[in-house]
Amino acid sequence: MKSSIKIGFMTLATLAMTVYIAHSIGTGKSGALMWFFLSFVVLIIVFQLCTGIALFFCMVRGLFSGKPKHTGFAVSKKTKS
């Protein structure tokens, strides 16, 4: 119950912030709240981009590596029948 209340509050706060920003952009008066919101969005995009690039290069390195490495998860044990 608490988590749904928190999610609902965060959703309402985000919607209220975007409405306020949309109004201030339309009037030409951009305040500190608009810059805070835009910088927060830019930070999310930059961090997601960095993570995606790192995962992409790790995937490419794994695809073109010479010898496959054996891990403990892929070990198959032979059983006596």
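User: How much area does the chain expose, and what share of it do carbon and sulfur atoms supply?

Analyst: In this predicted model, the chain exposes about 7,900 Å², and carbon and sulfur atoms supply 74% of that area. The chain has 2 helices and 0 strands, and buried residues make up 5% of its 81 residues.

User: Why is Phe64 called exposed?

Analyst: The relative accessibility of Phe64 is 69%, and the word exposed is kept for values over 50%, so Phe64 counts as exposed. Phe64 lies in the segment after α2, the helix that spans 32-63.

User: Which residues make the nonpolar surface patch that includes Phe64?

Analyst: The patch, of about 810 Å², is made by Leu49, Ile53, Phe56, Phe57, Met59, Leu63 and Phe64.

User: What makes Phe56 and Phe57 an aromatic pair, and why is the pair called edge-to-face?

Analyst: Ring centres have to lie within 6.5 Å for a pair, and those of Phe56 and Phe57 are 5.7 Å apart. Planes over 60 degrees apart count as edge-to-face, and because the angle here is 65°, the pair of Phe56 and Phe57 takes that name. By this rule the count comes to 1 aromatic pair.

User: Why do Phe56 and Phe57 get their accessibility labels?

Analyst: Phe57 has 53% relative accessibility, and since exposed means over 50%, Phe57 counts as exposed. Phe56 has a relative accessible area of 45%, which falls in between the limits of 20% and 50%, so Phe56 is partly exposed.

User: How do you know which label belongs to Cys50 and Cys58?

Analyst: Cys50 has 47% relative accessibility and Cys58 has 44%; these values fall in between 20% and 50%, and therefore Cys50 and Cys58 count as partly exposed.

User: How many disulfides are there?

Analyst: A disulfide needs a pair of cysteine sulfur atoms within 2.5 Å, and by this rule the count comes to 0 disulfides.

How values were computed
Residues numbered from 1 in each chain as written. Predicted model: local features only at pLDDT ≥ 70, side-chain atom pairs only at ≥ 80, totals over all residues. Heavy atoms only, no water. Patch = residues over 30% accessible without salt bridge, like charges linked within 9 Å, V, L, I, M, F, W, Y side chains within 5 Å. Areas by Shrake-Rupley, 256 points an atom, 1.4 Å probe, with all protein chains shown as cover. Salt bridge = Lys/Arg side-chain N within 4 Å of Asp/Glu carboxyl O. Helix = DSSP H or I, 4+ residues; strand = E, 2+ residues; numbered from the N terminus. Buried < 20%, exposed > 50% of the residue type's maximum accessible area, 1.4 Å probe, protein only. Phe/Tyr/Trp six-rings, centres within 6.5 Å; stacked < 30°, edge-to-face > 60°.
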